[in-house]
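Biologist: Before we begin, I should like to be shown how such a model is read. Please take the features in turn.

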Amino acid sequence: MKLTLVCLVCTILGLTISKDPCQGPLQWSCDFLQPRGYRDLEFGTMYIDNENGKMRVNVNYLVNGKLSTEVDFFIFNRENALYVYSKATTSCQKSSLSGLSHYFPSKLPNNSTFYGTYRAGENFNVDIWGYIEHNKSSNSSLQFVLSSDDCTYVSITGETENVVFNAQFYNTKKVVDPVVFTLPQPCQD
């Protein structure tokens, strides 16, 4: 309670609490929820391997209360490649990355702003961080909520490349089987 009050006063007065950005696990996976309006929802599983520059996101889309489609996104940063695989049509599209490589870094950028630590439940504290990036092609404004003890993602909210999102993460695991990054056959052709 005292820390929350101190952070609130610091925010009102324009003061910042100094803390270096934390280093999270290099490999992790989690389930996620991302609301899209009143009756629409994205949910699925993410697999992150920052050590090898890979990310896979299995997304299910719930539109107007009904499951509409399931898509796998394979992001390979070192190859500058994004593969989008539709399970319904068993088709795959490949394109180059544009800004996606920075969504889930294991270490927040050094110019991130620490807003404070808050109690999110019994014996569970979270750190709130903000990050703003301006460059010629796009602007990003992100807010990260990370567990205080090991720097794993709890939620992320923001806007990047004109996409607004608010995702919550749960069932986080710190080990990722490399098999999950194997491309489906249509993506290998």
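Modeller: What follows is a reading of the sheet, its hairpins and a few loop residues. Please keep in mind that this is a predicted model.

Biologist: Which order do the strands of the open sheet take?

Modeller: One reads a sheet from one side to the other, strand by strand. Here the open sheet has 11 strands in the order β6-β5-β4-β3-β2-β1-β11-β10-β9-β8-β7, and the pairing is antiparallel. At the edges stand β6 (91-96) and β7 (113-121); each has a single partner strand, so one side of each lacks a neighbour in the sheet. On average, and ignoring direction, neighbouring strands are turned by 20 degrees against each other.

Biologist: How many bridges join β3 to β4?

Modeller: A strand pair is read through its bridges. Strand β3 (residues 54-63) and strand β4 (residues 66-76) run antiparallel and are joined by 10 bridges. Within this pair, methionine 55 of the one strand stands opposite isoleucine 75 in β4.

Biologist: How many bridges link β4 to β5, and which residue is the bridge partner of phenylalanine 76?

Modeller: Six bridges join β4 to strand β5 (residues 81-86), again in the antiparallel sense. The partner of phenylalanine 76 is alanine 81 in β5.

Biologist: How many bridges are there between β1 and β11?

Modeller: Strand β1 (residues 27-35) pairs with strand β11 (residues 163-173) over four bridges, in the antiparallel sense. In this pair, phenylalanine 32 has phenylalanine 169 of β11 as its bridge partner.

Biologist: How should side chains along a strand be read?

Modeller: In a regular strand, side chains alternate between the two faces of the sheet.

Biologist: Let us turn to backbone angles. What sign of phi is to be expected?

Modeller: Most residues other than glycine have a negative phi. Positive values in such residues are therefore worth noting when one reads a model. In the hairpin of β3 and β4, which has two residues between the strands, asparagine 64 takes a positive phi near 50 degrees. The hairpin of β4 and β5 has four residues between the strands, and there asparagine 80 takes a positive phi near 55 degrees.

Biologist: Is asparagine 80 buried, partly exposed or exposed?

Modeller: Asparagine 80 counts as partly exposed, because its relative accessibility is 42% and that class lies between 20% and 50%.

Biologist: What is the phi of cysteine 151, and where is this residue found?

Modeller: Cysteine 151 has a phi near 65 degrees, a positive value in a residue other than glycine. Cysteine 151 is found in the loop between β9 and β10. With a relative accessibility of 7%, cysteine 151 counts as buried.

Biologist: Which residues are in contact with threonine 152, leaving aside its neighbours within four places in sequence?

Modeller: First, its setting: threonine 152 lies in the loop between β9 (139-147) and β10 (153-160). Threonine 152 is buried, because its relative accessible area is 9%, and buried means under 20%. Beyond its neighbours within four places in sequence, threonine 152 is in contact with Pro25, Val145, Leu146, Ser147, Thr172 and Lys174. The side chain of threonine 152 also makes a polar contact with the side chain of aspartate 150, at 3.2 Å.

Biologist: What separation is there between the C-alpha atoms of serine 96 and glutamate 79?

Modeller: These two residues are 17 residues apart along the chain, and their C-alpha atoms are separated by 8.5 Å. Serine 96 is found in strand β6. At 48% relative accessibility, serine 96 counts as partly exposed.

How values were computed: Residues are numbered from 1 along each chain as its sequence is written. This is a predicted model: local features need pLDDT of at least 70, side-chain atom pairs count only at pLDDT 80 or more; totals for chains, interfaces and linings use all residues. Side-chain values use heavy atoms; hydrogens and water are left out. Two strands pair if DSSP finds at least two bridges between them. Buried means under 20% relative accessible area, exposed over 50%, partly exposed in between (1.4 Å probe, protein chains only). A polar contact is a pair of N or O atoms within 3.5 Å; within protein, one must be able to donate a hydrogen and the other to accept it, and residues adjacent in sequence count only if both atoms are side-chain atoms. Contact means heavy atoms within 4.5 Å. Axes are lines fitted to C-alpha atoms, for helices over the stretch in contact, and angles run from 0 to 180 degrees between N-to-C directions.
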